[in-house]
Amino acid sequence: MSKCKLIWVRELVFAMKRRDFVKVASASLFSLPFAACSTDKTIPTPIVQLDSGKIRGSFIDGVYRYLGIPYAEPPFGENRFRPAITRVAWEGVFEANQYGEICPQTGGGGLDGGLREGEDCLNLNVWTPDPTAKGLPIMVWVHGGGQISGSGSEALSDGSHFAKEGVVFISNNRRLGAEGYLYLEELFGDGVGPGNLGILDQIEVLRWIQRNASKFGGDPDNVTLFGISGGGAAIQALVSTEGSKDLVHKVIPQSGGHSAQRRELAGQISEFALRRIGIKPGDIDSLQKTPWRIFPEIYEDIEALGLGSPQAYLPMISESMPIHPVDATYAGIGSDIDYLTGTCLDEGSFFNALGVSPFQDRSEQLLTKFSIKKEDLLRSYLSARPELNSEEAATTMSADMWFRVPTIRIAEGHTAGSKARTFMYLFTWESQFLGATHAMDGVVFGNGVPFGFLAGFNSPDKVSQQMRKSWINFAKYGDPSFDSFRWPEYEQTQRFTASINDNFSLLTDPYSKQRALLEPVLTANWLDSGL
């Protein structure tokens, strides 16, 4: 990114507190204000009978849309910090014509207007071209936000374009932050705060799909999960969780920051949080009555203690997820699932524009653990990408350690031990001011450019259309190739990788210069290494 571009972005955010802006940007990665509008008339849909009751949505611009459908009981009161409970059937007709409440946010979130945090937040949204159809592929969007923020109701992830192209598209909300990941079982007993409720919520969505998706024309035996950043990480954590087996058939983790929390650190976080809000271990009544806004208020204090590994609220290695997500494919987990995965070329450029390095600690941890000299690795980046200056190369390097390195390890494990297919991409399309930065592959929705005006004014229309065609072909057939691009499978010799741009092209082992130095990181068992 040129110096003038860096100055332009910094000037745009100068009036904001940097800490607040970074928290918002990293937690709600592409939900800056964007209004998807249509002048077409909205028509009520015919009533759909679900297992929990009748619903009516709206038909607009050629798409049937059903919003805010509850898939579980509100996860508060006596249900708080416990696994989701299937929604009790309602009477009458549920009018599914507006988004439901989103789950409490720890940072950012709700930036595109009208979204409200609340307790009845376990709901989902469906877009379909024809609810009377049979056997349409189902694509489930798993929103990002680092497991602390975000929702399935952000305007940029509206599923209309996917539906118009023959997909039943579903987005959803899951518990976040303390509500989703606080580990409380050692203090309150089995079944209370197991540390993975956010992931278990997503599995509950998949169970709902098995029971109900055919009512929207979908094939419950052809379900593809896809998500960016924290959504990509949640997908890999879900695959690593035993309860997900046979509920998902294909996955597209995009730029996942794949990591996990350890029981010991999770326990320390919980003990600190309870001391701060004055709740004694075992006092479940007081815990469940604590206003949910209290936990986000103490989040920065938890982070300041450095208890996170590498952040406070993450899926926890536990009974339900007994393996580190980065090691799962090497253990044969997900061997029956087709994978399409990858990262962006300039994952860290947005953060570099702000003059911050949120991935540096994780990068240092990995390099130190495996005795890799930072200077040698930096030289490999400068050699591979001479267009970068030293500052840009250092930012790219640290961001890759958070996103690209674990993504490659997961893909190579899947290639080595699975009969299912593996495909790899590198998103190289450049926005005007931020380049191919983290979450820019969100252009796949066709609803605009992630980060809005901060990204500039380059048109993503062509890359968006082709990328969406590729994603849909993968969901339909397990092969992301399309008419003008044959996409070969990833393997450990030539490591074929699709460069996603206005015109797709094929790269051969594009990370080879860095790989020679990072081999210990890519081949080590992350659970045994304490990562």
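The following is a working conversation about a predicted model of a protein chain.

Colleague: Before we begin, what conventions apply to this model?
Modeller: The model is predicted, so local features need pLDDT of at least 70 and side-chain atom pairs count only at pLDDT 80 or more, while totals for chains, interfaces and linings use all residues. Residues are numbered from 1 along each chain as its sequence is written, and side-chain values use heavy atoms, with hydrogens and water left out.

Colleague: How many helices and strands are there in the protein chain?
Modeller: The protein chain has 18 helices and 15 strands. These are DSSP runs numbered from the N terminus, with helices being H or I of at least four residues and strands being E of at least two.

Colleague: And what radius of gyration does the protein chain have?
Modeller: The value is 22 Å, which agrees with the figure near 24 Å for a compact globule of 531 residues. The radius is taken over C-alpha atoms, and the globule rule is 2.2 Å times the number of residues to the power 0.38. Along its principal axes, the C-alpha trace spans about 65 × 60 × 50 Å.

Colleague: What share of the residues counts as buried?
Modeller: Of the 531 residues, 60% count as buried. Buried means under 20% relative accessible area, exposed means over 50%, and partly exposed lies in between, with a 1.4 Å probe and protein chains only.

Colleague: How much area does the chain expose?
Modeller: The protein chain exposes about 19700 Å², of which carbon and sulfur atoms supply 50%. The areas come from the Shrake-Rupley method with a 1.4 Å probe; for residues, only the protein chains shown count as cover.

Colleague: Turning to the interior, which residues touch the most other members of the largest nonpolar core?
Modeller: They are Ile69, Ile209, Phe216, Tyr313 and Leu518, in a core of 89 residues. Helix α6 (residues 197-212) supplies the largest share of this core, 6 residues. Apart from it lies another core of 54 residues, among them Val167, Ile228, Leu354 and Phe427. A nonpolar core is a set of buried Ala, Val, Leu, Ile, Met, Phe, Trp, Tyr and Cys residues joined through side-chain atoms within 4.5 Å.

Colleague: What does Leu518 touch, leaving aside residues up to four places away in sequence?
Modeller: Leu518 touches Leu367, Ile372, Leu377, Met401, Val405 and Tyr511. Contact means heavy atoms within 4.5 Å. Across the protein chain, among contacts between residues at least 6 apart in sequence, 75% join residues at least 24 apart.

Colleague: Now the sheet: in what order do the strands of the open sheet run?
Modeller: The 12 strands follow the order β1-β4-β5-β7-β9-β8-β10-β11-β12-β13-β14-β15, with mixed pairing. Strands β1 (43-44) and β15 (505-508) stand at the edges with a single partner strand each, so one side of each is left without a neighbour in the sheet. Two strands pair if DSSP finds at least two bridges between them.

Colleague: Are β8 and β9 parallel or antiparallel?
Modeller: Strand β8 (residues 136-141) and β9 run parallel, joined by 4 bridges. Met139 stands opposite Phe169 in β9.

Colleague: On to charges. How many salt bridges does the structure hold?
Modeller: The structure holds 24 salt bridges, each a side-chain nitrogen of Lys or Arg within 4 Å of a carboxyl oxygen of Asp or Glu. One of them joins Lys164 to Asp61, with the closest N and O atoms 2.7 Å apart.

Colleague: Why does the Lys164 and Asp61 pair tie together separate parts of the sequence?
Modeller: Lys164 lies in helix α3 (residues 160-164) and Asp61 in the loop between β4 (58-60) and β5 (63-70), so the pair ties together parts that are 103 residues apart in sequence.

Colleague: What about Arg468?
Modeller: Arg468 forms a salt bridge with Glu165, the closest N and O atoms being 2.9 Å apart. Arg468 counts as buried at 4% relative accessibility, whereas Glu165 is partly exposed at 33%.

Colleague: Which residues are linked in a network of salt bridges?
Modeller: The network links Glu412, Arg495, Asp509 and Arg515.

Colleague: Finally, the backbone: what is phi of Ala439?
Modeller: Phi of Ala439 is near 75°, a positive value in a residue other than glycine. Ala439 is in the loop between β13 (422-427) and α17 and is buried, with a relative accessible area of 0%. Asp246 also has a positive phi, near 75°, but counts as exposed at 53% relative accessibility.
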